[in-house]
Amino acid sequence: MWVHFNCMGWADDAALNLGARQNGNGLRTLTTRESHSESREECQIETGGYVMNKVVVLGTGPSGLTAAIYLARANMEPLVIEGAQPGGQLTTTTEVENFPGFPEGVMGPELMDKMRQQAERFGAKFQRGWVSKVDLSSRPFKLFIGDNEVVETETLIISTGASAKLLGIPGEKESIGLGVSTCATCDGFFFRGKKLLVVGGGDSAMEEANFLTRFASEVKVVHRRDQLRASKIMQERARANEKITWALDYTPLEVIREGQGVKGLKVRNNQTGEEEVIEADGVFVAIGHKPNTDFLEGQVETDELGYIRVVPGSTRTSVPGVFACGDVQDKTYRQAITAAGSGCMAALDCERYLEGSATHEWGFK
Ligand code: NAP
């Protein structure tokens, strides 16, 4: 893994010399040399290999970048740490048509690049790196990056998002954005009049299947057992929908591709053991999400699914000075615009906290 640093003198030259690079989506991302000054003087406070920050934002999806824009405009000099997928989930989608302000739509990667530029314009600093663990037991908080780097910060905004789970079958990963999707709200519109499959048997699968019938000619739910996991009401709603058909007790084996799209899903009938291909123009994988909270190792309170608990109506977590926004604390809405909104909330909550002007008691009621 390579890293580049915004202004850290000890970043190795090889990393700094990478210059402009193409990210996974073909978009040009500026590295340190181009986007920021390299001088140590312009860094945050640096002490013996440690960097102290007022606020660090972890994650660069819509929530993290919105928080960074607000914090930077408020002169809070945020350090934003970008993980393995800069820009977050939107960089894996194509056109975004429901983000306000873009009447003609905007490509997901482009939207994220613009948000990043906006944050940089006001002075947000970016650092590439993988935070493997944190120490939130005392202030300043410590973030451990890679093997030997520690970043210290007075406050922390966690916006590490959630990752859609994938089936892990052949043909799936390479077809994302090319006939395989994990978000009906994002991509359903592109399948008007088409035949679609939804894989999964939980509430998400029922919801996605129902939603997709607005566009598709037929939606077939493929589930690996003969019993659905979804709640009764969601099942009933799906079963009442005439456009939805069922392939229960079928194990997905492979996404069959054709040209730049999808031709169908190879499955095994668990009753007979026979394999067959269910033809379809698109496959929506709806087998749940996993919030990216493992690195917290239980230091911030989460719910039973691992989503960070926040005080309702705020972004305050169980740890004073730690805030959470975006999908890492939201299993209900999961939209770019709601993530961005909660990023704004986190920035304002953090600012008030650092100013000592917060009007609330910390903690859950
Ligand atoms: P979920 O309840 O965990 O269901 C995941 C489904 O995917 C299960 O049916 C599971 O099969 C299947 N699955 C998992 N891994 C698989 C694999 N490798 N191959 C094939 N199938 C696989 O996840 P969810 O539906 O996303 O729901 C998560 C939570 O959010 C739930 O509490 C749910 O109630 C809530 N939610 C609520 C709403 C709503 O109320 N509107 C909407 C969405 C989600 P098995 O059943 O065999 O394990």
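The buried residues of helix 6 are covered by a set of elements that includes helix 5 (184-187), strand 14, strand 15, helix 7 (232-239), strand 16 and strand 20. Those buried residues of helix 6 are Ser-204, Ala-205, Met-206, Glu-208, Ala-209 and Leu-212. The model described here is a predicted one, and its chain of 365 residues has 42% of them counted as buried. The secondary structure comprises 8 helices and 22 strands, and of the contacts with a separation of 6 or more, 62% join residues that are 24 or more positions apart.

**The parallel sheet and helix 6**

- Five strands form an open sheet with parallel pairing, and their order across the sheet is 13-20-14-15-16.
- Strand 13 (180-181) and strand 16 (244-248) are the edges of this sheet, and because each has a single partner strand, one side of each is left without a neighbour in the sheet.
- Helix 6 (residues 203-212) packs on the sheet and touches strand 14, strand 15, strand 16 and strand 20 (282-285), while its direction makes about 170 degrees with that of strand 14.
- Within the sheet, strand 14 (residues 195-199) pairs with strand 15 (residues 218-223) in the parallel sense, over 5 bridges.
- Along this pairing, Lys-195 has Glu-218 in strand 15 as its bridge partner, and Val-198 stands opposite Val-221, also in strand 15.
- Strand 15 is largely enclosed by the rest of the structure, because 5 of its 6 residues are buried.

**The antiparallel sheet**

- A further open sheet consists of 3 strands in the order 17-18-19, and here the pairing is antiparallel.
- At its edges lie strand 17 (250-258) and strand 19 (275-279), each of which pairs on one side only.
- From one strand to the next, the twist averages 30 degrees.
- Strand 18 (residues 261-269) is joined to strand 19 by 5 bridges in the antiparallel sense, and Leu-265 has Ile-278 of strand 19 as its bridge partner.

**Nonpolar cores**

- In soluble globular proteins, nonpolar side chains tend to be buried together.
- The largest nonpolar core of this model contains 51 residues, among which Val-56, Ala-67, Ala-68, Leu-71 and Ile-157 have the most contacts inside it.
- Helix 8 (residues 336-355) gives the most to this core, contributing 8 residues.
- Ala-67, once residues up to four places away in sequence are set aside, touches Val-57, Ile-157, Ser-159, Cys-325, Gly-343, Ala-346 and Ala-347.
- A second core, separate from the largest one, has 31 residues, including Val-199, Ala-205, Met-206 and Leu-228; of these, Ala-205 and Met-206 are also among the buried residues of helix 6.

**The ligand shell**

- The ligand is surrounded by 15 residues, the closest of which are Gly-201, Gly-202, Ser-204, Ile-287 and Gly-288.
- By residue type, this shell divides into 3 nonpolar, 6 polar and 6 charged residues.
- Ser-204, which is listed with the closest residues of the shell, is also one of the buried residues of helix 6.

Key:
Residues are numbered from 1 along each chain as its sequence is written. This is a predicted model: local features need pLDDT of at least 70, side-chain atom pairs count only at pLDDT 80 or more; totals for chains, interfaces and linings use all residues. A residue is near a molecule or strand if its C-beta atom, placed from the backbone, lies within 6 Å of it. Ala, Val, Leu, Ile, Met, Phe, Trp, Tyr, Cys and Pro count as nonpolar, Asp, Glu, Lys and Arg as charged, and the others, Gly among them, as polar. Helices (H or I, at least four residues) and strands (E, at least two) are DSSP runs, numbered from the N terminus. A residue is buried if 20 or more other C-beta atoms lie within 10 Å of its own, exposed if 12 or fewer, and partly exposed in between; C-beta atoms are placed from the backbone. Two residues are in contact if their C-beta atoms, placed from the backbone, lie within 7 Å. Two strands pair if DSSP finds at least two bridges between them. Axes are lines fitted to C-alpha atoms, for helices over the stretch in contact, and angles run from 0 to 180 degrees between N-to-C directions. A nonpolar core is a set of buried Ala, Val, Leu, Ile, Met, Phe, Trp, Tyr and Cys residues joined through C-beta atoms within 7 Å.
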